[in-house]
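Here is a short set of exercises to work through with the structure open beside you. Try each task on your own before you read its solution.

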Amino acid sequence: MPGVIDIPRELAASQEKFNGEAGRAFIVGLPEQTAHFLDHWDLRPDGTPMHGVSALVVPVVRTADGTPAVLKLQILDEESEGEPVALRAWDGDGAVRLLGHDEPTGTMLLERLDENRMLSHVPDAHQAVVTIAGLLAHLTSFPAPPGLRRLGDIARRMLDRTPRALGRIPDPAARRLVADCAAAVREVVDEPGDRLLHWDLHDENVLASGRADWLAIDPKPLAGDPGFELWPALDNRYDPGDILWRFDAMTDILALDRDRARAWTLARLLQNALWDIEDGRPVDDGQLEIARRLRGRGL
C-alpha cells in the first residue's frame, strides 16, 4: 500500500545530504517498507509520523491488543545496526523497550514514550544535566555485548586521520587546540573501556513515559569508557560559563576519574573536529571553547 504515509521533506533532504544515492533509494522505498511492516506486525497508524535526521518514526497501535508503539525505519549502517543490540541489553531498564526487530532492514518496533515530555523542555539546564548523568551512570553500568563498535578502534582511526586534518586548519590557535585533543587521546587509547555506551544522550533523546520519569532513546552504541559519553550534555544549551560545572557534576555522579574523563571528552571533540575539517567546514567555535576550558583546567 504505497501512499500510506507522507514522507517529510526535511527527512528526504537530510538523507540526500548525508547518504546520497543510498538516501534517495531509502526515501523512495519508505512508503512500501512502512506498509510492509504495518502488515507484518499487525499494526495500524495512530498519529502523525515524526522524524530526526535519519529515521522515520510512525506512531502505531498493535491491532491485536491495542498496545501503543512506534515503528522506526532507518538506513542500516554502522551506527544503527547496534541499536537493537543495546536496547536488548538494557531491556527497558533506563531506555526505551524494544518490541520487535527486523534484522535485514534494521526496522524496529519500540514502546511508545511521551514525545510531548522531553528533557529539553525542562527549563533548568542543571537539572537536565543531572538527569542525563544519572541515566548514563545506570546505562554504562552494563557491560557491552559482543559485536558492537569499539571505542579503541574508533580512537585509533581518529589519530591516524589527525595529521592530515591539522594541515587543513588555517588558524594556529585552533590547530594547537585540536592537536592537544589528539595528544590527550594518545594517553588513554590503550585503555578504551568495555562499558555499553549510548554515545548520543542529549536532552532531546530523553523522554518521559508512564512507567519511568525519564528513558533514553536513539542510542548509537559502542563499547568503551563512560568518559566518552559526557560531551552532548556539555554542548546542549551551550553556555561557556557552565562547562566546568557540568563536567564536575557528571564526573561526580558517574564516579569517573576526572583526568581520564577529560581525555575521553577531548576525544569526542577531536571526533567532531575531524568531521568538520573533512567536510570542508571550520571547526565549530563552541567545540573549541569546550576543549579550551577543559584543557586549561588543572584537574
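## Exercise 1: Two aromatic rings

Phe228 and Trp264 are both buried. Keep in mind that you are looking at a predicted model.

**Task.** Describe the geometry of the pair formed by Phe228 and Trp264, and find where each residue sits in the chain.

**Solution.**
- Step 1: A pair of aromatic rings is described by the distance of the centres and the angle of the planes.
- Step 2: For Phe228 and Trp264, the centres are 6.2 Å apart and the planes make an angle of 85 degrees. Planes over 60 degrees apart count as edge-to-face, so the Phe228–Trp264 pair is edge-to-face.
- Step 3: Phe228 is in the loop between strand S11 (222–224) and helix H6 (231–235), while Trp264 is in helix H8. The two are 36 residues apart, so this pair links distant parts of the chain.
- Step 4: Phe228 has a charged partner too: the charged end of Arg268 sits over its ring, 5.3 Å from the centre.

## Exercise 2: A second pair

**Task.** How many aromatic pairs does a search of the whole structure find? Describe the one formed by Trp199 and Trp275.

**Solution.**
- Step 1: The search finds three aromatic pairs.
- Step 2: Trp199 and Trp275 form an edge-to-face pair, at 6.2 Å centre to centre and with 70 degrees between the planes.
- Step 3: Trp199 belongs to the loop between strand S8 (195–197) and strand S9 (206–208), and Trp275 to helix H8; they are 76 residues apart.
- Step 4: Now check accessibility. Trp199 has a relative accessible area of 11% and is therefore buried, whereas Trp275, at 33%, counts as partly exposed.

## Exercise 3: The nonpolar core

**Task.** Which residues have the most contacts inside the largest nonpolar core, and which helix gives the most to this core?

**Solution.**
- Step 1: The largest nonpolar core has 77 residues, and those with the most contacts inside it are Leu87, Trp90, Leu201, Phe228 and Leu270.
- Step 2: Helix H8 (residues 258–278) gives the most to this core, with ten residues.
- Step 3: Another core, of 17 residues, lies apart from it; Ile5, Ile27, Leu38 and Val60 are among its members.
- Step 4: Take Leu201 as an example. Beyond its neighbours within four places in sequence, its contacts are Ile132, Leu135, Leu136, Leu139, Val206, Ala216 and Pro232.

## Exercise 4: Two packed helices

**Task.** How do helix H5 (residues 172–188) and helix H9 (residues 285–296) pack, and which residues meet?

**Solution.**
- Step 1: The angle between H5 and H9 is about 60 degrees, and their axes are 10 Å apart.
- Step 2: The crossing of H5 and H9 is left-handed.
- Step 3: From H5, Ala174, Leu177, Val178, Asp180 and Cys181 meet Leu288, Ala291, Arg292 and Arg295 from H9.

## Exercise 5: Positive phi

**Task.** What is notable about phi of Arg237 and of Ala255, and are these residues buried, partly exposed or exposed?

**Solution.**
- Step 1: Most residues other than glycine have a negative phi.
- Step 2: Arg237, though not a glycine, has a positive phi of about 45 degrees. Phi of Ala255 is also positive, near 55 degrees.
- Step 3: Arg237 lies in the loop between H6 and helix H7 (243–253), and Ala255 in the loop between H7 and H8.
- Step 4: With a relative accessible area of 30%, Arg237 is partly exposed; Ala255, with 67%, is exposed.

Terms used. Residues numbered from 1 in each chain as written. Predicted model: local features only at pLDDT ≥ 70, side-chain atom pairs only at ≥ 80, totals over all residues. Heavy atoms only, no water. Core = buried A, V, L, I, M, F, W, Y, C linked by side-chain atoms within 4.5 Å. Buried < 20%, exposed > 50% of the residue type's maximum accessible area, 1.4 Å probe, protein only. Helix = DSSP H or I, 4+ residues; strand = E, 2+ residues; numbered from the N terminus. Contact = heavy atoms within 4.5 Å. Phe/Tyr/Trp six-rings, centres within 6.5 Å; stacked < 30°, edge-to-face > 60°. Lys NZ or Arg CZ within 6 Å of the ring centre and 35° of its normal. Axes fitted to C-alpha atoms, helices over the stretch in contact; angles between N-to-C directions. Left-handed = near helix turned anticlockwise from the far one by under 90°.
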